[in-house]
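Q: Please take one part of this structure and go through it closely, step by step, explaining how its pieces are put together. I would like a connected account, with the wider setting added at the end.

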Amino acid sequence: MLVFACKWCGFIGADGAGRKRIPLTPHFRLIPVECAASVEPDVIIRALADGIDGIAIFGCHLGGCRYNQANHMAVKRNELLQDLFDIIGVDRRRLMVSWGTAHEPFQFERDIYRFQQILEKLPPMDHLLKPPTFQTNRL
Amino acid sequence: MKILIQAHEIAKQILDKRQADAILGLMEKNGSVGPGLLRSPQDAEDLVLEPKILLSKIGLRILKAAPAGFRLAIMCRGCDERALRELAKMNQLDLSAVRLVGVACREFQAARCVCQRPYPTHTDVGENVPGIDPFADEKMLELLQKEDITGMKRWASILQKCIKCYGCRNACPLCVCDPCRLADSAWILPIDISPEPMAFHLIRAFHLADRCVACGACQETCPADIPLLAIQLFLRKVLKERHGYEPGLDTEHRSPLLGDLIKESGKDDELPAWESSLSPKQPLVARGEEKI
């Protein structure tokens with residue numbers, strides 16, 4: 001899974017989880033971003049199309065964003081994107097959005113753990129994306 | 001026929017009184033119909049109203065190339081008008097330089113487009129017919145069912161037909177980004193004739209999520225008969241239900257995706273108390289600290 005963490009809260013929280021020696025799953029790659037709202041929906045779609053199983057976005061608490069109300073936009077945008085996933089047949093739980101502060105490494109650990117539990121039950125992403133006929137055409 | 005005479009009169013009037021330098025509309029010449037500019041009152045006889053061709057994107061190109069102070073009148077249907085408003089919101093054109101001549105769609109056209117609002121806000125030509133609820137259609141509901149976990153088969157088989165002609169992008173009156181992300185090799189593989197079905201269409205659909213005016217131009221253009229309008233109508237429905245916003249109705253309201261949650265709810269300083277989308281809208285009681 002791919003984790004985007006805002007560098008003010010989510011990323012420091014994730015860093016704190018490491019410093020506290022909290023056991024974390026090794027199955028994620030964390031990318032620090034300026035703000036949770038700077039993760040465009042296109043990035044999420046692109047990542048899923050490339051076979052990433054799930055995308056998590058960590059940001060500051062609602063109301064605690066460093067860039068005015070940027071994460072409010074992220075909430076609405078991601079909710080709409082999840083609805084779009086619903087009808088197109090991608091499970092909406094593949095996109096997780098979570099808000100916390102820099103002092104919440106345990107929340108980071110818990111959310112990553114729960115996210116992994118969900119993703120383990122879902123089929124791998126790349127099988128869904130490329131229909132069988134599409135693959136035989138290419139061979 | 002009466003409607004056509006009405007349209008000719010309005011066109012003549014506008015050009016006679018110099019309310020606009022030219023009228024953008026559909027012209028019939030030598031037995032074929034196409035978009036054209038009417039410059040003098042004598043041209044007004046060439047004006048026709050059918051078939052439906054979206055003029056807003058052509059109007060935008062004319063206005064961008066025209067000298068300053070050029071006043072254009074556009075024969076616009078309901079969808080054209082909404083598209084022009086959305087373009088104005090995106091700072092693509094100045095609506096004060098444009099005179100809108102509202103043309104109401106006829107009944108068969110509304111039924112063909114499954115249009116909810118087949119009329120502009122001010123109708124000059126024709127009579128308003130009631131809109132059609134697109135979600136009353138069984139086929140549409142079937143397309144928009146929620147899929148199960150192993151799903152994506154239905155939409156994968158539909159989107160797979162895409163030949164990546166970019167017709168949907170080119171026909172869309174609101175696709176004006178330059179450079180276009182769909183033509184960028186970082187986002188969409190340029191070599192594949194059949195693009196990754198999901199990436200191409202989801203990126204396109206979501207770019208237009210808060211500005212689609214449901215004109216149906218994408219679906220009409222599509223040579224592979226992909227029901228693109230179904231996705232857009234669904235997104236429009238969600239926006240309307242959740243935020244009470246419909247694109248193109250006026251120029252004042254901005255897209256809710258660009259605003260914050262406080263102003264929208266009307267309640268001061270009250271934010272939805274939720275921490276993560278795993279447990280939506282509910283504050284988590286058990287904290288992570290207790291687990292270790």
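A: **The β-α-β unit and its sheet**

In chain A, strand β1, helix α1 and strand β2 together form a β-α-β unit, and its hand is right-handed. This is a predicted model, and what follows should be read as a description of that prediction.

The two strands of this unit, β1(A) and β2(A), run parallel and are joined by five bridges. One of the pairings can be followed at the level of residues, since A:C6 has A:V33 in β2(A) as its bridge partner. The helix of the unit, α1 of chain A, spans residues 10-19 and lies across β1 (2-6), β2 and β3 of chain A, with its direction at about 115° to that of β1(A). In other words, the helix that belongs to the unit with β1(A) and β2(A) also lies across β3 of chain A.

Strand β1(A) has a second pairing to consider, with β3(A), again in the parallel sense but over four bridges. Here A:V3 can serve as the example, with A:A56 as its bridge partner in β3(A). As for its surroundings, four of the five residues of β1(A) are buried, which means that this strand is largely enclosed by the rest of the structure. The cut-off behind that statement is that a residue is buried if 20 or more other C-beta atoms lie within 10 Å of its own.

Moving on from β1(A), strand β3 of chain A, covering residues 55-59, pairs in the parallel sense with β4(A), and this pairing has five bridges. Within it, A:I57 is matched to A:V97 of β4(A) as its bridge partner.

Taken together, these pairings give an open sheet of four strands in chain A, with parallel pairing and the order β2-β1-β3-β4. The edges of the sheet are held by β2 (29-33) and β4 (95-99) of chain A, and each of these has a single partner strand, so one side of each is left without a neighbour in the sheet. On average, and with direction ignored, neighbouring strands of this sheet are turned by 20° against each other.

A further helix is placed against the part of the sheet that contains β4(A): helix α3 of chain A, residues 70-88, lies across β3 and β4 of chain A and runs at about 160° to β4(A). The two helices can thus be read against their reference strands, α1 of chain A at about 115° to β1(A) and α3 of chain A at about 160° to β4(A).

The wider setting can now be added. Along its sequence, chain A follows the pattern β-α-β-α-β-α-β-α-α-α, with six helices and four strands counted in the chain. Of its 139 residues, 50% are buried. Among the contacts in chain A with a separation of 6 or more, 77% are between residues 24 or more positions apart.

Chain B, for its part, has eleven helices and five strands, and 39% of its 292 residues count as buried. Its domain assignment gives domain 1 (2-132) and domain 2 (135-258), and the centres of these domains, taken over C-alpha atoms, are separated by 25 Å. In the contact between them, domain 1 of chain B takes part with 17 residues and domain 2 of chain B with 15 residues.

Note on methods. Residues are numbered from 1 along each chain as its sequence is written. Chains are lettered from A and ligands numbered from 1 in the order in which they are written. This is a predicted model: local features need pLDDT of at least 70, side-chain atom pairs count only at pLDDT 80 or more; totals for chains, interfaces and linings use all residues. Two strands pair if DSSP finds at least two bridges between them. Axes are lines fitted to C-alpha atoms, for helices over the stretch in contact, and angles run from 0 to 180 degrees between N-to-C directions. Two residues are in contact if their C-beta atoms, placed from the backbone, lie within 7 Å. A residue is buried if 20 or more other C-beta atoms lie within 10 Å of its own, exposed if 12 or fewer, and partly exposed in between; C-beta atoms are placed from the backbone. A crossover is right-handed if, with the strands pointing away from the viewer, the path from the first strand over the helix to the second runs clockwise. Domain bounds come from an automatic or database domain assignment.
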